[in-house]
Amino acid sequence: NADDAGLARLEKPKCQVVSYGFKNNADVLAHSRKIENGWQSFAVSYKGTDLGRFELRLPGLFNIYNALAAIAAALELAAK
């Protein structure tokens with residue numbers, strides 16, 4: 001999670017790391033969050049490539065972070 005200040009202070013492992021979050025330096029980047037009628041939606045890009053908008057019928061920013069982690073894992077596994 002590129003947005004977690006605690007994680008930013010940790011030493012990164014010597015392996016491939018994929019980041020996610022709302023900050024510009026994340027590999028999987030969420031932006032343009034909207035909340036309407038019980039839904040939250042957000043746009044996602046992966047290393048600069050637009051992946052479109054995603055919708056969740058779950059409240060809370062932490063659910064977007066969970067979705068971003070799942071998207072990051074799926075993208076990395078698909079690339080293998």
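Strands β3 and β4 (residues 49–56) pair up in the antiparallel sense, with seven bridges between them. Keep in mind as you look around that this is a predicted model. One pair to find on screen is valine 44, which stands opposite glycine 52 in β4. Between β3 and β4 sits a hairpin with two residues between the strands, and lysine 47 takes a positive phi near 50° there.

Now go to the other neighbour of β3. Strand β2 (residues 28–36) runs antiparallel to β3, and seven bridges join the two. Leucine 29 faces serine 45 in β3, while glutamate 36 has tryptophan 39 as its bridge partner in β3. The hairpin of β2 and β3 has two residues between the strands as well, and asparagine 37 is the one with a positive phi near 50°.

What holds strands like these side by side? Strands of a sheet pair through backbone hydrogen bonds, and the pairing can be parallel or antiparallel.

Zoom out and you get the whole sheet. It is open and has four strands in the order β1-β2-β3-β4, with mixed pairing. Why do β1 and β4 each have one side without a neighbour in the sheet? They stand at the edges and have a single partner strand each, so nothing in the sheet flanks that other side.

**Two turn residues**

Back to the hairpins for a moment. Asparagine 37 has its positive phi although it is not a glycine, and lysine 47 is likewise a residue other than glycine with a positive value. Here they are together:

| Residue | Loop | Phi | Relative accessibility |
|---|---|---|---|
| Asparagine 37 | between β2 and β3 | about 50° | 74% |
| Lysine 47 | between β3 and β4 | near 50° | 51% |

Are these two buried or exposed? Asparagine 37 counts as exposed because its 74% is over the 50% cut-off. Lysine 47 is exposed too, since 51% is also over 50%.

**The covered part**

Strand β3 (residues 39–46) is another story: seven of its eight residues are buried, so the strand is mostly covered, with buried meaning under 20% relative accessible area.

The largest nonpolar core has 13 residues, and Val28, Phe42, Val44, Ile64 and Leu68 touch the most other members. The elements that give two or more residues to this core are β2, β3 and α2 (61–79). Which of them gives the most? That would be α2, with six residues.

Try clicking on valine 28. Leaving out residues up to four places away in sequence, valine 28 touches a list of residues that includes Val18, Tyr20, Val44, Tyr46, Leu68, Ile71 and Leu75.

**A pocket and a loop**

The largest pocket holds about 280 Å³ of space. It is lined by 14 residues, and Asn1, Ala2, Leu7, Lys12 and Val17 lie nearest its centre. What classes make up the lining of the largest pocket? There are seven nonpolar, three polar and four charged residues.

Finally, have a look at leucine 10, in the loop between α1 (5–8) and β1 (20–21). Leucine 10 counts as exposed because its relative accessibility is 53%, over the 50% limit. Leucine 10 and glutamate 36 are 26 residues apart along the chain, and their C-alpha atoms are separated by 36 Å.

Definitions and conventions. Residues numbered from 1 in each chain as written. Predicted model: local features only at pLDDT ≥ 70, side-chain atom pairs only at ≥ 80, totals over all residues. Heavy atoms only, no water. 1 Å grid on protein atoms, 1.4 Å probe; cavity = no way out; pocket = protein on both sides within 12 Å on 5 of 7 lines; lining within 4 Å. Points joined across faces, edges and corners; volume = space filled by probe spheres on them. Nonpolar A, V, L, I, M, F, W, Y, C, P; charged D, E, K, R; others polar. Buried < 20%, exposed > 50% of the residue type's maximum accessible area, 1.4 Å probe, protein only. Pairing = 2+ DSSP bridges. Core = buried A, V, L, I, M, F, W, Y, C linked by side-chain atoms within 4.5 Å. Contact = heavy atoms within 4.5 Å.
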